[in-house]
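Notebook open, viewer loaded. I want to go from the whole chain down to its strands and then to the core.

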Amino acid sequence: MKKTIFAALMLLGACSASVAQDISEADKDTPITGSVGEEIIISLAGNASTGYKWHFSSDNAYIYKVIEENYTPDAHPAGMVGIGGHYIYKIKPLHKGNFTITARYFRPWENYNPQTDKNYKFIFEIK
């Protein structure tokens, strides 16, 4: 019985250590503190049906890795098309240090236009 309780507590401890940190547009231009190996989920509004997509660049790209990329449409009535949603990027810091991710929202076949296209900066401090 004691071994079972100990194993359950160890499992719970391991699960809580790997809880992902969720960030969004509201976190832009604000330092975000994280840990090496901790998953960080960046959720950005968009609409896949328009051809627009988020493009990432970084001043220190070797320090993190994008491990998953998805698009999730918002809730909508059946049969409705052209619904917006969220692009979800799961990243994992690989090393301690600081880096900035610049996220730009534009169509890949058009040039980025700073006057009309979205541009967010996310500042990370990884300890």
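Surface first: I get about 8100 Å² of accessible surface for the chain, and carbon and sulfur atoms hold 57% of that. The model is a predicted one, so noted. Of the 127 residues in the chain, 26% come out as buried.

Next I looked up the elements. I find 1 helix and 8 strands, and reading from the N terminus the order is α-β-β-β-β-β-β-β-β. I also checked how far apart in sequence the contacts reach: taking those between residues at least 6 apart, 67% join residues at least 24 apart.

Then I went to strand 7, residues 97–106. How much of strand 7 is buried? I count 7 of its 10 residues as buried, so "mostly covered" goes in the book. On one pairing, strand 7 runs antiparallel to strand 4 (residues 53–58) over 6 bridges, with Arg 104 as the bridge partner of His 55. Strand 7 also pairs with strand 8 (residues 118–126), again antiparallel, through 9 bridges; there I see Thr 100 opposite Ile 123.

Last, the core. The largest nonpolar core holds 19 residues. Its best-connected members are Ile 42, Trp 54, Ile 91, Phe 99, Phe 122 and Phe 124. Strands 3 (40–46), 6 (85–93), 7 and 8 each give two or more residues to this core. I picked Ile 42 for a closer look: leaving out residues up to four places away in sequence, its contacts include Ile 23, Phe 56, Tyr 87, Ile 101 and Phe 122. As a reminder to myself, nonpolar side chains tend to be buried together in soluble globular proteins.

Note on methods: Residues numbered from 1 in each chain as written. Predicted model: local features only at pLDDT ≥ 70, side-chain atom pairs only at ≥ 80, totals over all residues. Heavy atoms only, no water. Buried < 20%, exposed > 50% of the residue type's maximum accessible area, 1.4 Å probe, protein only. Helix = DSSP H or I, 4+ residues; strand = E, 2+ residues; numbered from the N terminus. Pairing = 2+ DSSP bridges. Core = buried A, V, L, I, M, F, W, Y, C linked by side-chain atoms within 4.5 Å. Contact = heavy atoms within 4.5 Å. Areas by Shrake-Rupley, 256 points an atom, 1.4 Å probe, with all protein chains shown as cover.
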